[in-house]
Amino acid sequence: MSSTAMQARSLYRRLLRELPNRATSNIPTSSRATAHYKLSNPSLIQQRIRSNFSQLKSNNQSSQLQQAEQFVQYLQAQRMYATLIERYNPGMGMDEEERVRLTARRVGMDLPEEFLRKK
């Protein structure tokens, strides 16, 4: 196997690893975690990537591989960015009431009863 074919296969696998997980609500529970299900039922983006890698043109192959490498690096950076945002901004997903309650608890106070959320 040539080195460009091995490089293309490596890039293809790296791209598939970096793609976000699909929504699993419509996937049967018994086959959600199996690798066979993931490979036998690819998402639309996986199908598109597979077709692009299978149709690499020999005259433009090195530039296509460089572009794929840049895209992998971009996906890795985006994943890291999302991880850092979640880690250093833990209150981003909270509503205003929950944020106020937790801020009060952080300084050792509890909210008065009238301001507590009615359940």
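The following dialogue examines how terms are applied to a predicted model of one chain.

Modeller: The model is predicted, so local features require pLDDT of at least 70 and side-chain atom pairs count only at pLDDT 80 or more, whereas totals for chains, interfaces and linings use all residues. Residues are numbered from 1 along each chain as its sequence is written, and side-chain values use heavy atoms, with hydrogens and water left out.

Biologist: What pattern does the chain follow along the sequence?

Modeller: The pattern is α-α-α-α-α, since the chain has five helices and zero strands. Helices (H or I, at least four residues) and strands (E, at least two) are DSSP runs, numbered from the N terminus.

Biologist: Why is Glu 18 called buried?

Modeller: Buried means under 20% relative accessible area, exposed over 50%, and partly exposed in between (1.4 Å probe, protein chains only). Glu 18 has a relative accessibility of 13%, so Glu 18 counts as buried. Of the 119 residues of the chain, 16% count as buried.

Biologist: What makes Arg 79 and Glu 18 a salt bridge?

Modeller: The term requires a side-chain nitrogen of Lys or Arg within 4 Å of a carboxyl oxygen of Asp or Glu. The N to O value for Arg 79 and Glu 18 is 2.8 Å, and the pair therefore satisfies the definition. Arg 79 lies in helix H4 and Glu 18 in helix H1, so the salt bridge ties together parts that are 61 residues apart in sequence. Arg 79 is partly exposed, because its relative accessible area is 47%. Side chains of opposite charge can pair when their charged atoms come close.

Biologist: How many salt bridges does the structure hold?

Modeller: The structure holds five. Among them is Arg 101 with Glu 98, whose closest N and O atoms are 2.8 Å apart. Both residues lie in helix H5 (residues 96–106), three residues apart, about one turn of the helix. Arg 101 is partly exposed at 30%, and Glu 98 is partly exposed at 22%. Another salt bridge joins Arg 105 to Asp 110, with the closest N and O atoms 3.3 Å apart; both Arg 105 and Asp 110 are exposed.

Biologist: What makes up the largest nonpolar core?

Modeller: A nonpolar core is a set of buried Ala, Val, Leu, Ile, Met, Phe, Trp, Tyr and Cys residues joined through side-chain atoms within 4.5 Å. The largest one has eleven residues, including Ala 8, Leu 19, Ile 49, Phe 53 and Val 72. Helix H1 (3–18), helix H3 (44–54) and helix H4 (61–88) each supply at least two residues of this core. In soluble globular proteins, nonpolar side chains tend to be buried together.

Biologist: Why are H1 and H3 called roughly antiparallel?

Modeller: Axes are lines fitted to C-alpha atoms, for helices over the stretch in contact, and angles run from 0 to 180 degrees between N-to-C directions. Angles under 35 degrees count as roughly parallel, over 145 as roughly antiparallel, 65 to 115 as roughly perpendicular and the rest as oblique. H1 and H3 pack at about 170°, with axes 11 Å apart, and are therefore roughly antiparallel to each other.

Biologist: Which residues of H1 and H3 meet?

Modeller: Contact means heavy atoms within 4.5 Å. Ala 8, Leu 11, Tyr 12, Leu 15 and Leu 16 in H1 meet Gln 46, Ile 49, Arg 50 and Phe 53 in H3. These residues divide into seven nonpolar, one polar and one charged, where Ala, Val, Leu, Ile, Met, Phe, Trp, Tyr, Cys and Pro count as nonpolar, Asp, Glu, Lys and Arg as charged, and the others, Gly among them, as polar.

Biologist: Is Ser 54 buried or exposed?

Modeller: Ser 54, in helix H3, has a relative accessibility of 58% and therefore counts as exposed. Ser 43, in the loop between helix H2 (35–40) and H3, is buried, because its relative accessible area is 14%.
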